Amino acid sequence: NARAVGIYNGQLYTSSGSASTFGVYSVGSGLPATGGQTTTQLPPGSEFTASVSYTGFYLSPDGTRLFVATVATTNSIQEFVLNAGNWSLDKSLNVNSAFQLAGTTTGNLTTLFYTLNSGTAGNTLNMVSFNNTTDAFSSTTLLATAGANESFRGVAILPIPEPPTWA
C-alpha cells in the first residue's frame, strides 16, 4: 500500500498506509535497478508507527529532519529529528487530512507544500514553513482550491535545469 515515493540524498524511499506496515521506508541501497529489494523502516520505533497512516513525506537535504503527512488518528504534519542515530518526534502541526507532501530547504527554512483531501477543507493545495532555527511552524497559506469535480492527488517540487552555456 505505497502512498508516496521519493529520492533524497541519492536514496530511494517509500511510505505505506497499510495497517501492518505504517511508516516511511528506504528501499534497497541507493537507487536500485532490480526487483526484490529489502525495505527498512525509517525511523524505526513504535513512536513513528502508532496507528498512523503516513502518506507524503520530505527528508531534509542533511538527512536530519523528516516531515510526514499523517491521516487517521493524528491528522497532522509531523517533524521527526535524527539525533545521535535515534529519531524522535519533535513538532506536530494540526491539519485536517494532509495527504501528499513535498518540500524544499534553503538555509534554515523548510517550505512544505501539501494537499488536503476531506470535507469542506478538502481538495486544496497549501503551504507552511518550518524555521529550523526557532524550531517552529509558520501559519499555513492556502495556495489553490480544486474546481468542481476535481481534486489534487499529489504535489512535487521539480528542479529547474540550468540554461545551456554557448561557447
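In which strand does Thr124 lie? The tour will come to that residue after a view of the whole chain, which is a predicted model.

**The whole chain**

Begin by displaying the protein chain as a cartoon and colouring it by secondary structure. One helix and 13 strands make up its secondary structure. Followed from the N terminus, the elements read β-β-β-β-α-β-β-β-β-β-β-β-β-β. The chain holds 167 residues, and 41% of them are buried. Among contacts with a separation of 6 or more, 35% are between residues 24 or more positions apart.

**Thr124**

Now select Thr124, which answers the opening question: the residue lies in strand β11. Thr124 counts as buried because its relative accessibility is 9%, below the 20% limit for that class. Show the side chains of Thr124 and Asn126 together; a polar contact of 2.8 Å links them.

Next, extend the selection to the residues around Thr124. Beyond its neighbours within four places in sequence, Thr124 is in contact with Tyr114, Thr115 and Leu116, and also with Leu142, Ala144, Thr145 and Phe152. For a distance to display in the viewer, choose the C-alpha atoms of Thr124 and Ala98: they are 9.6 Å apart in space, with 26 residues of separation in sequence.

**The hairpin of β9 and β10**

Select residues 98-106, which form β9, together with residues 109-116, which form β10. These two strands run antiparallel and are joined by seven bridges. Within the pair, Gly103 stands opposite Leu112 of β10. The two strands form a hairpin with two residues between them, and Gly107 in the turn has a positive phi of about 60°.

**The hairpin of β7 and β8**

Move to residues 76-83 for β7 and residues 86-94 for β8. Here too the strands run antiparallel, and eight bridges join them. Their hairpin has two residues between the strands. In the loop between them lies Ala84, whose phi is positive, at about 55°, although the residue is not a glycine. Is Ala84 buried or exposed? With a relative accessible area of 74%, Ala84 is exposed, since that class begins over 50%.

**Glu79**

Stay in β7 and select Glu79. Its bridge partner in β8 is Lys91. Glu79 has a relative accessible area of 0% and is therefore buried. Show the side chain of Arg65 as well: a polar contact of 2.3 Å joins it to the side chain of Glu79.

With residues up to four places away in sequence set aside, Glu79 touches Arg65, Leu66 and Phe67, then Ser88, Leu89, Asp90 and Lys91, and finally Phe130, Asp135 and Phe137.

**Asp135**

One of the residues touching Glu79 is Asp135, which is the next selection. Asp135 is found in the loop between β11 (124-131) and β12 (136-137). Although it is not a glycine, Asp135 has a positive phi of about 60°. Its relative accessible area of 22% makes Asp135 partly exposed, because the buried class ends at 20%.

**The largest pocket**

The final stop is the largest pocket, with a volume of about 260 Å³. Which residues lie nearest its centre? Select Val5, Gly6, Tyr8, Val155 and Ala156; these lie nearest the centre, and the full lining comprises 15 residues.

To see which elements contribute, colour β1 (2-8), β5 (52-59) and β9 (98-106), each of which supplies at least two lining residues. The largest share comes from β1, with six residues. Strand β9 thus appears for a second time: it contributes to this lining and is also joined to β10. Colouring the lining by residue class shows 11 nonpolar, three polar and one charged residues.

Methods
Residues are numbered from 1 along each chain as its sequence is written. This is a predicted model: local features need pLDDT of at least 70, side-chain atom pairs count only at pLDDT 80 or more; totals for chains, interfaces and linings use all residues. Side-chain values use heavy atoms; hydrogens and water are left out. On a 1 Å grid over the protein atoms alone, a cavity is a set of points where a 1.4 Å probe fits but cannot get out, and a pocket is an open set with protein on both sides within 12 Å along at least five of seven lines; lining residues have an atom within 4 Å of a point. Grid points are joined across faces, edges and corners, and a volume is the space filled by probe spheres set on the points. Helices (H or I, at least four residues) and strands (E, at least two) are DSSP runs, numbered from the N terminus. Ala, Val, Leu, Ile, Met, Phe, Trp, Tyr, Cys and Pro count as nonpolar, Asp, Glu, Lys and Arg as charged, and the others, Gly among them, as polar. Buried means under 20% relative accessible area, exposed over 50%, partly exposed in between (1.4 Å probe, protein chains only). Two strands pair if DSSP finds at least two bridges between them. A polar contact is a pair of N or O atoms within 3.5 Å; within protein, one must be able to donate a hydrogen and the other to accept it, and residues adjacent in sequence count only if both atoms are side-chain atoms. Contact means heavy atoms within 4.5 Å.
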